[in-house]
Amino acid sequence: MREQLATVMICILLVVVGSAVGSGCLPGNGADLVETSTSAPVSTPIETGIPTITPITEEDPFLEERQRLVEVGIIGMGISDPLVIEAMGRTPRHLFVPEEYINLAYVNNPLPIGYGQTISQPYIVALMTQELGVHEGDRVLEIGTGSGYQAAVLAELGVEVFTIEIIGALAEAAADRLSALGYENVHVRHADGYFGWEEEAPFDAIIVTAAPDHVPQPLLDQVVIGGVMVIPVGPVGWFQELWSIRRIDDANFRSTSLGGVQFVPFTREVRGE
Ligand code: SAH
């Protein structure tokens with residue numbers, strides 16, 4: 001935990017020092033980190049030991065770039081859960097970004113995905129996923145499907161993912177993409193995620209990838225006792241605080257801060273486009 005906090009603090013410093021502040025989660029300075037790294041690119045696939053949903057073949061043109069990101073931007077920034085590291089190494093982020101950004105898919109930054117939204121920075125995806133502490137077969141609710149990338153990383157961990165997106169076109173595109181890639185354990189819904197997914201509740205873990213200014217009570221109610229919710233909370237357009245909130249019993253929760261982050265706003269207007 002100390003390591004994670006330290007890493008997040010370093011990221012905040014990098015962001016404050018850096019000039020590029022994009023929308024979406026923590027912009028970070030992943031590109032600089034990649035360029036200044038002294039570690040050699042890895043040329044062989046990471047051995048996983050658990051079933052691979054997305055087949056990674058010799059022809060994958062981004063394999064080395066992805067492995068380099070995992071080495072430098074995931075492991076190098078303090079992520080230590082081997083299953084999360086393997087899932088990040090298997091998930092083809094280049095298939096979740098708009099074509100014009102495909103060459104930036106493995107830079108450790110958020111990228112625009114249209115409609116003013118972003119696919120999150122890979123390091124933050126890994127950090128939040130690690131914090132969820134999920135096990136194969138768990139049921140996880142994600143609010144903010146976006147491109148579907150975070151959902152795919154969770155699916156690679158063998159969990160059943162329920163993900164809600166408020167913008168119809170993004171929900172539809174993500175559902176199509178996830179099913180084309182064979183992620184059968186992801187269910188996408190177009191709705192306001194504020195109310196969670198009552199019919200499928202409770203969930204072993206909930207991840208919120210847009211920032212509300214308060215923690216939605218319906219989401220707290222849908223976490224199992226002993227389960228966790230990871231959520232950025234704070235004002236729109238500035239840094240928010242990333243919280244890990246564990247449900248202790250029916251009425252009690254314990255919150256731990258994971259540091260400062262920057263996410264797109266949690267909105268309440270269901271859009272069709
Ligand atoms: N997890 C995504 C990135 C999320 S960006 C990925 O991996 O690509 C945040 C997303 O949250 C945006 O697509 C935004 O439209 C969505 N969002 C914002 N408020 C929401 C709400 N109330 N319910 C559901 N989705 C919401």
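**Close-up views of a predicted model**

**View 1. The hairpin of strands 8 and 9.** Strand 8 leads into strand 9 by way of a hairpin of 5 residues. The model shown here and in every view below is predicted. Strand 8 covers residues 240-247, and strand 9 covers residues 253-261. The two run antiparallel and are joined by 8 bridges. Gln-240 of strand 8 faces Val-261 across the pair, in strand 9. In a regular strand, side chains point alternately to one face of the sheet and the other.

**View 2. The hairpin of strands 1 and 2.** Strand 1 spans residues 111-114 and pairs with strand 2 in antiparallel fashion. Here 3 bridges hold the pairing. Pro-112 has Thr-118 of strand 2 as its bridge partner. A turn of 2 residues separates the strands and completes the hairpin. Within that turn, Tyr-115 adopts a positive phi of about 60°. Strand 2 also belongs to the next view, as a contributor to the ligand shell.

**View 3. The shell around the ligand.** The ligand is surrounded by 25 residues. Gly-144, Gly-146, Ser-147, Gln-150 and Gly-193 are the closest. By residue type, the shell splits into 11 nonpolar, 11 polar and 3 charged. Three elements each supply at least two shell residues: strand 2 (117-119), helix 6 (149-156) and strand 4 (160-165). Strand 2 gives the most, with 3 residues.

**View 4. Helix 6 and the residue beyond.** Helix 6 runs over residues 149-156 and supplies at least two residues of the ligand shell. Gln-150, one of the closest residues to the ligand, is buried in this helix. Burial extends along the whole element: 8 of its 8 residues are buried. The helix opens with Tyr-149, Gln-150, Ala-151 and Ala-152, which are buried. Val-153, Leu-154, Ala-155 and Glu-156 are buried as well. Just after the helix comes Gly-158, with a positive phi of about 80°. Strand 4, at residues 160-165, is another contributor to the shell.

**View 5. The chain as a whole, for orientation.** The chain holds 8 helices and 9 strands. It has 273 residues, and 47% of them are buried. Consider the contacts with a separation of 6 or more: 59% of these link residues 24 or more positions apart.

Definitions and conventions. Residues numbered from 1 in each chain as written. Predicted model: local features only at pLDDT ≥ 70, side-chain atom pairs only at ≥ 80, totals over all residues. Pairing = 2+ DSSP bridges. Helix = DSSP H or I, 4+ residues; strand = E, 2+ residues; numbered from the N terminus. Near = placed C-beta within 6 Å. Nonpolar A, V, L, I, M, F, W, Y, C, P; charged D, E, K, R; others polar. Buried ≥ 20, exposed ≤ 12 C-beta atoms within 10 Å, placed from the backbone. Contact = placed C-beta atoms within 7 Å.
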